Amino acid sequence: MTTIAKLIALTIDCAEPKKLAEFYSQITGFAVQYAEDEYAGIGDGTTSIYFQRVPERKAPSWPGGDKQFHLDLRVPDVAKAVEEYIALGASKPEFQPGDWVVLADPEGHLFCVCPERS
């Protein structure tokens, strides 16, 4: 039998870890646990998202095949959340594929804003 692993964190490459940690802290409610120029982290005590400085990182095109990952975030009101996240620095690509909304964070990482399950 395969050893089952528990996901504890996800690390995102970015140019400005402190700035991106603050952005995601505001939209997830996770507390900023650590913030330096090279590395920052947010979390809820169980799960963390870390941000590490990689200055030469390039944002993926959308839609396109160079996207390596994206986050899916569930919210009670998609339209309201999208409006708030754009006010915080996210952008909304023209191409939108479904009942959810694809946004890009301030550094171009894609994430989906998904409605609650019915």
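A polar contact is a pair of N or O atoms within 3.5 Å, in which, within protein, one atom must be able to donate a hydrogen and the other to accept it. With that in mind, one can begin at the start of helix α2 in this predicted model, where D77 caps the N-terminal end of the helix, a side-chain oxygen of D77 lying 3.3 Å from the backbone nitrogen of A79.

## Helix α2 and its two sides

The buried residues of α2 are V78, A81, V82 and Y85. Because these residues cover an arc of only 100° around the axis, they are found on the same side of α2. On the other side of the helix, A79, E83 and A87 are exposed. The cover over the buried residues of α2 includes α1, β5, β6 and β7. Y85 can serve as an example, since, leaving aside neighbours within four places in sequence, Y85 is in contact with F23, I27, V75, A90, L103, F111 and V113. After α2 comes G89, and the phi of G89 is positive, near 125°.

## The nonpolar cores

Which residues of the largest nonpolar core touch the most other members? This core has 24 residues, and those that touch the most other members are Y24, F51, Y85, L103, F111 and V113. At least two residues of the core are supplied by each of β1 (9-14), α1, β3 (39-43), β4 (48-53), β5 (71-75), α2 (78-87), β6 (101-104) and β7 (110-115). The largest share, five residues, comes from α1. Another core, of five residues, lies apart from this one, and among its members are V102, A104, L110 and C112.

Helix α1 spans residues 17-28 and contains S25. With a relative accessible area of 13%, S25 is buried, and, not counting residues up to four places away in sequence, S25 touches F30, A31, V32 and I42.

## A buried histidine in a loop

H109 has its place in the loop between β6 and β7. Is H109 buried or exposed? Its relative accessible area is 4%, so H109 counts as buried. The side chain of H109 has polar partners: one of its polar atoms lies 2.7 Å from the backbone oxygen of D13, and the side chain of H109 also makes a polar contact with the side chain of R57, at 3.1 Å. When neighbours within four places in sequence are left aside, H109 is in contact with I12, D13, C14, L20, Y24, R57, F69, L103 and A104.

## The hairpin of β2 and β3

Strand β2 (residues 31-35) is joined to β3 by four bridges, and the two strands run antiparallel. Together β2 and β3 form a hairpin with three residues between them, and the bridge partner of A35 in β3 is A40.

Q33 has its place in strand β2. Its relative accessibility is 45%, so Q33 counts as partly exposed. Not counting residues up to four places away in sequence, Q33 touches G41, I42, G43, D44, G45, S48 and Y50. With one of these residues, S48, the side chain of Q33 makes a polar contact from side chain to side chain, at 3.4 Å. Q33 and L71, by comparison, are 38 residues apart in sequence and 20 Å apart in space, from C-alpha to C-alpha.

## Cysteines and a cis peptide bond

How many disulfides are counted in this model? The count comes to zero. The table gives, for two of the cysteines, the nearest cysteine sulfur and its distance.

| Cysteine | Nearest cysteine sulfur | Distance |
|---|---|---|
| C14 | C112 | 19 Å |
| C114 | C112 | 5.4 Å |

Why does C114 form no disulfide with C112? A disulfide needs two cysteine sulfur atoms within 2.5 Å, whereas the sulfur of C112 is 5.4 Å away from that of C114, so the pair does not qualify. Both cysteines in the table are buried: C14 has a relative accessible area of 0%, and C114 has a relative accessible area of 14%.

Finally, a feature of the backbone deserves attention. A cis peptide bond joins W62 and P63, with omega about -5°, and P63 has its place in the loop between β4 and β5.

Definitions and conventions:
Residues are numbered from 1 along each chain as its sequence is written. This is a predicted model: local features need pLDDT of at least 70, side-chain atom pairs count only at pLDDT 80 or more; totals for chains, interfaces and linings use all residues. Side-chain values use heavy atoms; hydrogens and water are left out. Buried means under 20% relative accessible area, exposed over 50%, partly exposed in between (1.4 Å probe, protein chains only). Contact means heavy atoms within 4.5 Å. A nonpolar core is a set of buried Ala, Val, Leu, Ile, Met, Phe, Trp, Tyr and Cys residues joined through side-chain atoms within 4.5 Å. The arc is that of the directions from the helix axis to the C-beta atoms. Two strands pair if DSSP finds at least two bridges between them.
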